[in-house]
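Visitor: I would like a close look at the cysteines of this model, with their surroundings taken into account. Please go through the reasoning step by step.

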Amino acid sequence: MQSIRRGSERGHFNHGWLDTYHTFSFGDYQDPHHMGFRALRVINEDRVAPGQGFGMHPHRDMEIVTCVLEGKLQHRDSLGTGAVIKPGELQCMSAGTGIMHSEFNPSATDPVHLYQIWLMPERRGLTPSYHQKLFDEAGRKAGWQCVASRTDTTGTLPIHSDVKIYLASLDVRVKRAYDFTTGRHGWLQVFRGRVLANGSSLAAGDALAMSEEPNLVVQADAPAEVMLFDLA
């Protein structure tokens, strides 16, 4: 079984400093038919204006993944972390028992384009933590590049949720397949370009949800970047 979530049908708000799309219900966007998928609770695509950002605010009991596509994002948190996230880098933050953080565009001239993703943790009351890593572009051009995992953290970001997260960069007509273990579920999010995924045409912002599907086959109709979630 599979279903398409069109990017054009997401919740959309343009606050001037922030142009944001919500795949699932979030803030003022409430849609009972789109409350999440498996452990996925939030997929927000944000464009933040120069010199703007999200002030210090709290989270708890959530796994937060941030992927910057263009520009830079400055992160600060109550753990004492101060970091700048650039394209090719991912942030994975476990809010656990409680964390305060801010995300800010430090550029005076350039916007920042990012995806922020929230996943439900495997259990409540975890110790808050922060990890950030730069991933080699060659890895996501060569195959499915695992960037976050609960079980195999060799070279990946640790995440406290039963999920593996992959990135892939596809040139035109390049095809890539992924096999799901029985009982697993998939969510393919298109960041850039156009792809044909299991027979469905997807553009930037679109997503494909998969349950009881043995595999995924993706082929790029235009240079594309995608993120794949393998979920319990």
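**Cysteines and their surroundings**

Guide: In this predicted model, the sulfur of Cys67 has its closest cysteine sulfur in Cys92, at 12 Å, which is too far for a bond. The cut-off behind that judgement is that two cysteine sulfur atoms must lie within 2.5 Å to be taken as a disulfide. A disulfide is a covalent bond between the sulfur atoms of two cysteines. Cys67 itself counts as buried, because its relative accessibility is 5%, and buried here means under 20%.

Turning to Cys92, the closest cysteine sulfur to its own belongs to Cys146, and the separation of 11 Å is again too far for a bond. Cys92 also counts as buried, with a relative accessibility of 2%. When the whole structure is searched, the number of disulfides found is zero.

Cys146 leads on to Thr156, since Cys146 is one of the residues that Thr156 touches, along with Phe135, Val147, Ala148 and Ser149, when residues up to four places away in sequence are left out of the count. Thr156 sits in the loop that runs between strand S13 (145-149) and strand S14 (157-158). Although placed in a loop, Thr156 counts as buried, because its relative accessibility is 11%.

For the wider setting, the largest nonpolar core comprises 28 residues, and Leu119, Ile165 and Trp187 are those with the most contacts inside it. A second core, separate from that one, holds 19 residues, among them Met210, Ala220, Ala224 and Leu228.

Methods
Residues numbered from 1 in each chain as written. Predicted model: local features only at pLDDT ≥ 70, side-chain atom pairs only at ≥ 80, totals over all residues. Heavy atoms only, no water. Helix = DSSP H or I, 4+ residues; strand = E, 2+ residues; numbered from the N terminus. Buried < 20%, exposed > 50% of the residue type's maximum accessible area, 1.4 Å probe, protein only. Contact = heavy atoms within 4.5 Å. Core = buried A, V, L, I, M, F, W, Y, C linked by side-chain atoms within 4.5 Å.
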